[in-house]
Structure formats: structure tokens, C-alpha cells
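Colleague: Got a minute to go through this model with me? I'd like to hear the reasoning behind each answer as well.

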Amino acid sequence: MKDIEIILQDKNIKPNQDFIGTIQVNYSGKYDSIVLNTQILGSNELMLFTSYNGKKISQRSSRLFISKESMPNNKVDFTAQITFEPTEKHDVKFRASIIEQHKEIENDVVFASFS
């Protein structure tokens with residue numbers, strides 16, 4: 001079992017459609033937060049995060065910071081969109097990291113496709 005794991009409901013992302021992911025932390029040590037970094041490879045566009053754990057947000061960013069206090073059962077569900085029309089297929093990189101005292105402890109990386 002990984003210390004941190006990203007699970008995407010669907011690894012085929014479509015423009016302007018919500019996609020849902022979960023980050024599960026199984027780390028037994030202390031930590032302060034997790035950070036989800038995203039990158040749409042071959043593009044300068046950013047993701048639009050719309051919610052996490054039912055809390056509505058409207059943050060166009062490549063990074064989502066979530067404190068441990070916001071993660072009941074060491075789990076967070078997030079919803080996001082990519083809001084531009086691609087002219088080609090892009091890979092999308094998701095990297096979740098466990099942070100303790102401003103240091104990365106563990107991470108997980110998952111790729112999806114966007115077209």
C-alpha cells in the first residue's frame with residue numbers, strides 16, 4: 001500500500017467537463033498537509049479546481065493545497081475542469097505530495113489524457 005495515492009475516476013479528460021479524483025493518505029507518520037500539483041503537458045493552460053471534499057472553490061491554478069484538518073479519514077475528493085479546447089491530445093500529470101514542516105515526505109504521480 002502506497003503512503004499517498006491519487007485515484008482518478010476517468011483518465012480520459014474532456015474539455016469543460018468535471019472530472020473527479022481522490023487522494024488517499026496512508027502515511028502513518030505526522031504531516032501538515034498535502035499538495036496536488038498538475039501540469040497539462042505541451043500547454044501553458046491551467047486547471048480550474050471547483051471543489052474539494054464538498055467545499056466549493058473557484059481556483060484556476062496548477063496547485064491545490066489542502067491542510068490535514070480539511071481531510072477527514074486522511075482522504076480528499078476533488079473536482080476540476082480543463083476549460084480550453086485542445087487542438088491536439090495532451091497528457092496531464094497529477095502529482096500529490098505529503099508535506100511535513102515544509103518538506104516533502106512522499107509523493108504519487110498519475111497521468112491522464114486530455115483531448
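What follows is a chat about the sheet, the core and some side-chain pairs of a predicted model.

Colleague: Let's start with the open sheet. In what order do its strands run?

Modeller: This sheet is open and built from 5 strands, with antiparallel pairing. The average twist from one strand to the next is 25 degrees. The order is β1-β3-β8-β5-β6.

Colleague: And which strands stand at the edges of that sheet?

Modeller: Look for strands with a single partner, because one side of each is then left without a neighbour in the sheet. That picks out β1 and β6 (55–61).

Colleague: Take β5 next. How many bridges join it to β8?

Modeller: β5 and β8 run antiparallel. One facing pair is F49 in β5 and A80 in β8. The number of bridges joining the two strands is 4.

Colleague: What about β5 and β6, over how many bridges do they pair?

Modeller: Here too the sense is antiparallel, with β5 covering residues 47–52. M47 stands opposite S61, and S51 has K56 as its bridge partner. The count of bridges for β5 and β6 is 5.

Colleague: Which residue in the turn of the β5 and β6 hairpin has a positive phi?

Modeller: The hairpin leaves 2 residues between its strands. The one with a phi of about 45 degrees is N53.

Colleague: How many residues of β5 are buried?

Modeller: Buried here means under 20% relative accessible area. β5 is mostly covered by that standard. The tally is 6 of 6.

Colleague: On to the largest nonpolar core. Which element gives the most residues to it?

Modeller: That core has 30 residues, and I34, L36, F78, I82 and F94 have the most contacts inside it. Elements giving two or more residues include β4 (33–40), β7 (63–67), β8 (75–81) and β10. With 4 residues, the top contributor is β9.

Colleague: Let's zoom in on L36. Leaving aside neighbours within four places in sequence, which residues is it in contact with?

Modeller: L36 is among the residues with the most contacts inside the core. Once the neighbours within four places are left aside, its contacts are I6, I23, F49, S62, R63, L64, F78, F94, R95 and A96.

Colleague: H90 caught my eye. Is it buried or exposed, and which backbone oxygen lies 2.8 Å from a polar atom of its side chain?

Modeller: H90 lies in strand β9. Its relative accessible area is 6%, so H90 counts as buried. Beyond its neighbours within four places, it is in contact with residues including I40, F84 and A112. The backbone oxygen at 2.8 Å belongs to L41.

Colleague: Now the charges. How far apart in sequence are the parts that D108 and K2 tie together?

Modeller: The side chains of D108 and K2 meet in a salt bridge, 3.0 Å from N to O. D108 lies in β10 (residues 103–114) and K2 in the segment before β1 (4–8), so the pair links separate parts of the chain. D108 is buried at 6%, whereas K2 is partly exposed at 43%. The separation in sequence is 106 residues.

Colleague: A search of the whole structure finds how many salt bridges?

Modeller: Besides D108 with K2, R95 pairs with E104, their closest N and O atoms being 3.0 Å apart. R95 is partly exposed at 25%, and E104 is partly exposed at 38%. The total from the search is 2.

Conventions. Residues are numbered from 1 along each chain as its sequence is written. This is a predicted model: local features need pLDDT of at least 70, side-chain atom pairs count only at pLDDT 80 or more; totals for chains, interfaces and linings use all residues. Side-chain values use heavy atoms; hydrogens and water are left out. A salt bridge is a side-chain nitrogen of Lys or Arg within 4 Å of a carboxyl oxygen of Asp or Glu. Buried means under 20% relative accessible area, exposed over 50%, partly exposed in between (1.4 Å probe, protein chains only). Two strands pair if DSSP finds at least two bridges between them. Axes are lines fitted to C-alpha atoms, for helices over the stretch in contact, and angles run from 0 to 180 degrees between N-to-C directions. A nonpolar core is a set of buried Ala, Val, Leu, Ile, Met, Phe, Trp, Tyr and Cys residues joined through side-chain atoms within 4.5 Å. Contact means heavy atoms within 4.5 Å. A polar contact is a pair of N or O atoms within 3.5 Å; within protein, one must be able to donate a hydrogen and the other to accept it, and residues adjacent in sequence count only if both atoms are side-chain atoms.
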